Structures are given as structure tokens and as C-alpha cells.
Amino acid sequence: MTTSGPTIPLWPGKAPGAPARLPERKVAQGSTDPSFDERIVTGVGTPWLEVRQPAYRNGSAVLLIPGGGYGFLAWDNEGEEQARWLTQRGVTCFILSYRLPAEGWAKRALVPLQDAQRAMRIIRSRASEFALDPQRVAVLGFSAGGHLGGSLATRFAEETYAPRDAIDEVSARPDLAGLIYPVISLAEPFTHAGSRDNLLGQGAPAKDAEYASVENRVGADTPPVFLTAASDDGLVPIQNSLAMYSAMLAEQRPCEFHGFDKGGHGFGVRLDPATPAHAWPDLFYAYGQRHGVFAA
């Protein structure tokens, strides 16, 4: 059984770089099937965490980062539905509603990472409240949320905003990163142009795209990374995951990559058992067990 916990605002007062008029939250229903939701969220003026708690907590936590090309948040497919299977295994989940960089924020290229860093620090700072082990906190990101999760895993120590309070003294480094059909590179030839333009702005210099490409930021302190993508992904080419896998191997960092024949893009946990990529949640959880994040 999963229960909804508190909604936790990320920032005291306005978020960094706030415009004079904050974006207004909008939720569109993308599903025509009444049996499930497909909410699309835009207008994130006040970013927050939605807590989903299991009946039995095993001490681990996951920061869930929905995708949406940095232009919207795929709230159900890559947030709520992921929290359901994780909480069934005793994992406390925090779904991140992060700011969308094209909605008027200053220093747009840093805005999502500011929120992800702050979210990880909040989770650790409130570990005792949620019966968590602060050294067993993973991030799980999808598509552009995978780019953000990968950025958090490689740029956790980068000072992207002026510290607000004692929470900002806490480490933002995830203990494990799961990147599912992720955007990794923002440079040609296989970037997802929509994510790149929403994050950096249209016509951004090539050096900005290189700087924000996750594979270029892997280092000796990058946590273990789990990658999943499908060969038939027609939106975010599987070469993104291959680039991250190669970068991790070059730095001799722990990494596991599953490239599936079929699955497409945006599959979440909805794939039919006959489709190869449906197996990724079990593989991800097993990887987290081997690295001491998830319970056996």
C-alpha cells in the first residue's frame, strides 16, 4: 500500500532567478482512457517534492525525475507510476516537480539542476523524518529527466545557486543514478534538439552544449549508473546511452547498460511482457541491491 506524504516546497521564498511574474501551473490530461491518467504539467512557478511512502519502509529512497523535453513534466508515466512499483518494494519516493527553463527564469541552463540539487539535499536533511538512510538515496530520471538525473550525478558539487540555509551544506550527490531512455548529449549528431533548445535556448553556442552534455562531465566521483534504452527509440537515439556508458567505462566507474531490441521511447512501466524492455525495473532494482542502495 502506498500513501501520499507531504508536499515539500524546495525553496524558502522564490526560487533562484525568478521572473517578476511567476509561471502559472497548468495540468493537461493527455489520456483518452478513463482507466489511467496521463497528466502533463507546465507552469512550475514554485517547485516542490511529492512524497510517496510505502507501508513498510526499507530505508532507501528515490528521487524521481519525469521527462518532457524540458518543456513539460510527464507526471504520471514517469512519476506516479514509477512510485507505485518502488513503494511496493519498500522504497520511499520523492517525485520532483522542477522548473522548466524556458518559462522566464534567469540562468535558464542551470534552473533544473538547481532544483535537483536542492531536492537531494532536502531528502537527506529530512532522512530521520522519513526513516531513511541518507547514504541510500538514488535518482531515477526519464528522457530529459534522465539528462537532469545524469547532470545531478556528475555535477552535484557545482555551485549553481547561492546557498539559502543549512540544507545547502548537505551533499547533493546521489548514491546511485538510473537513467531511462535518457537524453545525454546536447551536441550533434544525436542530441534531442527539443531538450537542448528548451534548456539552453535556440542558437546557443556549441560550447554551452558541450558543457551541458552529461558524458563530458563524468569523473572519479560519479556514482554508479544504470542505463536503459531501446534500439527502436525514434525520439532520443540509443547513442545517448552508449555515450554515457563509454564515458563511465573510460573513467572506470561502475555502470550497467541494457540496450533492448524493442521498446521505443517513453515506455515507463507500461510495456507488454512480450516487449523486451519491460524487464528494466527488475534489472534496475537488482543493480541497486548490488550497490547497497536497495534492500535485498
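Which helices do the buried residues of H4 pack against? They pack against helix H2 (111-125), helix H3 (144-155) and helix H5 (206-212), where contact means heavy atoms within 4.5 Å and where helices (H or I, at least four residues) and strands (E, at least two) are DSSP runs, numbered from the N terminus.

The structure is a predicted model, in which local features need pLDDT of at least 70 and side-chain atom pairs count only at pLDDT 80 or more, while totals for chains, interfaces and linings use all residues. Residues are numbered from 1 along each chain as its sequence is written, and side-chain values use heavy atoms, with hydrogens and water left out.

**Helix H4 and the loop before it**

Helix H4 covers residues 193-200, and within this helix Ser195, Arg196, Leu199 and Leu200 are buried, a term that stands for under 20% relative accessible area, with exposed over 50% and partly exposed in between (1.4 Å probe, protein chains only). Seen down the axis of H4, these buried residues fall within an arc of 100°, so they line one face of the helix; the arc is that of the directions from the helix axis to the C-beta atoms. An α-helix has 3.6 residues a turn, so residues three or four places apart point the same way. Just after H4, Gly201 takes a positive phi of about 95°.

The loop between strand S9 (176-180) and H4 holds Pro189, and the peptide bond from Glu188 to Pro189 is cis, with omega near 15°. His192 lies in the loop between S9 and H4 as well, and counts as buried because its relative accessibility is 16%. Leaving aside neighbours within four places in sequence, His192 is in contact with Gly69, Val183, Ser185, Leu235 and Val236.

**The nonpolar core**

In soluble globular proteins, nonpolar side chains tend to be buried together. The largest nonpolar core here has 85 residues, of which Leu49 and Leu63 touch the most other members; such a core is a set of buried Ala, Val, Leu, Ile, Met, Phe, Trp, Tyr and Cys residues joined through side-chain atoms within 4.5 Å. H2 gives the most to this core, with 7 residues. When residues up to four places away in sequence are not counted, the contacts of Leu63 include Leu49, Phe94, Ala116, Ala119, Met120, Ile123 and Leu152.

**Pocket and cavity**

Rolling a probe the size of a water molecule over the atoms shows where empty space is left. On a 1 Å grid over the protein atoms alone, a cavity is a set of points where a 1.4 Å probe fits but cannot get out, and a pocket is an open set with protein on both sides within 12 Å along at least five of seven lines, lining residues having an atom within 4 Å of a point. Grid points are joined across faces, edges and corners, and a volume is the space filled by probe spheres set on the points.

The largest pocket has a volume of about 200 Å³ and is lined by 15 residues, of which Gly68, Phe72, Ser143, Leu235 and His265 lie nearest its centre. By class, this lining has 5 nonpolar, 8 polar and 2 charged residues, where Ala, Val, Leu, Ile, Met, Phe, Trp, Tyr, Cys and Pro count as nonpolar, Asp, Glu, Lys and Arg as charged, and the others, Gly among them, as polar. Phe72 is placed in the loop between strand S5 (61-65) and strand S6 (73-74), and its contacts, not counting residues up to four places away in sequence, are Ile40, Val41, Thr42, Gly67 and Leu100.

The structure holds 1 cavity of 30 Å³ or more, and about 40 Å³ of space lies in the largest cavity. Its lining includes Tyr70, Pro112, His147, Arg155 and Leu199, and divides into 6 nonpolar, 2 polar and 1 charged residues. The largest share of this lining, 4 residues, comes from H3.

**Selected loop and strand residues**

Two residues that are not glycines have a positive phi, of about 60° for Tyr70 and of about 50° for Lys107. The table gives places and accessibilities.

| Residue | Place | Relative accessibility | Class |
|---|---|---|---|
| Tyr70 | loop between S5 and S6 | 2% | buried |
| Lys107 | loop between strand S7 (92-97) and H2 | 65% | exposed |
| Phe72 | loop between S5 and S6 | 32% | partly exposed |
| Thr228 | strand S10 (residues 225-230) | 0% | buried |

Thr228 touches, among others beyond four places in sequence, Tyr181, His258, Phe260 and Trp280.
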